[in-house]
Amino acid sequence: MAAQPSSHSFTLAEFNRLDRPNGMLYRLGASEHDAAATDGVQLARGRVDRHELRPGLWLAASDLVVDFPYQSVWRQQAHFSVIALLQGRLHLQHDSAMDLCAQGGVSASGGDARPLVASHAAGQQVRSLRLTVLEATDIGEDHSSELLAKALCNHGQRLRPWPLQPHLAVAFEHLFDCMWSGTLKQLLREGIGLQLLSHGLHCSIDVPPQKHSPLSPRDRQMLERVRQKLHACPGEDHSLHELARLACMSPSTLRAKFQAAYQCSVFHWLRQRRLEVAREQLAQGWSVQQAAHYVGYRHATNFSTAFRERYGICPSRLAPP
């Protein structure tokens with residue numbers, strides 16, 4: 001079963017109609033009364049693809065510009081969800097609260113009376129993948145069902161963040177840009193859906209207790225400051241010493257702890273972010289030279305080489321003639 005892809009404006013009523021099979025509810029703010037009174041308000045515009053990969057296993061790929069703040073609420077108690085955020089920011093509330101930033105992922109297990117609520121702020125573009133499993137037995141494979149049952153029975157932390165590794169981000173981006181159709185596109189969706197599921201389950205089941213982690217909560221908070229700085233200002237001339245001061249660490253400590261937290265080096269993460277932003281600018285009609293300089297490359301040739309290594313095409317193919 002597959003939902004038809006869409007590229008248009010979305011109202012509250014339409015969101016609720018499209019995601020009803022997933023056990024989700026959309027609303028504005030905290031008041032359902034206010035939401036019901038504004039069913040016709042445009043919340044977002046862009047594209048949403050929802051597909052049922054297998055019975056009870058849904059994959060949603062969203063690329064939206066948010067015009068009006070809204071919330072999505074998982075009403076289904078027995079569910080397991082994995083979100084990979086490629087662009088934008090979400091505020092999540094479940095057993096705890098957290099902000100999910102671009103190039104981050106989170107696993108969320110249901111099973112109690114508290115719903116998972118994701119808040120979307122206005123004035124941003126949000127590109128995300130969301131995998132939802134409504135019941136562990138629906139997966140259709142004994143081993144997968146057993147792992148899902150363990151995740152649902154985990155009475156510890158139900159929101160578990162994890163870093164979106166660069167190679168995964170590239171694979172997930174391919175789902176948005178791929179022009180395949182039919183069986184090939186369905187195979188691609190299933191492969192990406194299973195990647196999301198495996199990373200989400202690993203985080204929910206195999207992550208050791210925090211006390212054994214080499215990174216303290218304060219470490220993670222300081223590292224997130226660095227990551228957000230790189231995300232917000234990719235075109236600046238960053239230095240390891242400057243970023244280490246921001247993290248209140250020595251340069252060598254920042255290097256080691258950033259690698260442990262995000263599975264890549266500080267400047268590899270920055271390079272991926274720069275290429276992501278440059279790609280967005282090229283899509284908006286910028287020249288290769290303009291996009292390269294905007295994200296901090298002094299020489300367009302170096303930028304073109306890095307861009308081709310990541311995306312497999314020359315940036316000039318996206319730039320205007």
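**Cavities in this model**

Okay, let's start with the walls of the largest cavity: strand 4 (57-66), strand 5 (70-74), strand 10 (116-120) and strand 11 (124-133) each put at least two residues into its lining. Keep in mind that this is a predicted model.

So how much space lies in that largest cavity? About 200 Å³. There are 16 residues lining it, and those closest to its centre are Ser62, Tyr70, His120, Ser128 and Arg130. If you sort the lining of the largest cavity by character, you get 10 nonpolar, 4 polar and 2 charged residues.

Right, on to the second largest cavity. Which elements give two or more residues to its lining? Those are strand 3 (42-54), strand 4, helix 4 (166-177) and helix 5 (182-206). Strand 4 has the largest share there, with 4 residues. You'll remember strand 4 from a minute ago, as it also supplies at least two lining residues to the largest cavity.

In volume, the second largest cavity comes to about 100 Å³. If you want to click through its lining on screen, pick Arg47, Asp49, His51, Leu59, Ala60, Ala61, Asp63, Leu175, Phe176, Lys185 and Arg189. By character, that lining splits into 5 nonpolar, 1 polar and 5 charged residues.

And how many cavities are there overall? With a cut-off of 30 Å³ or more, the count is 3. I've walked you through the largest, at about 200 Å³, and the second largest, at about 100 Å³. That's it from me.

Notes
Residues numbered from 1 in each chain as written. Predicted model: local features only at pLDDT ≥ 70, side-chain atom pairs only at ≥ 80, totals over all residues. Heavy atoms only, no water. 1 Å grid on protein atoms, 1.4 Å probe; cavity = no way out; pocket = protein on both sides within 12 Å on 5 of 7 lines; lining within 4 Å. Points joined across faces, edges and corners; volume = space filled by probe spheres on them. Nonpolar A, V, L, I, M, F, W, Y, C, P; charged D, E, K, R; others polar.
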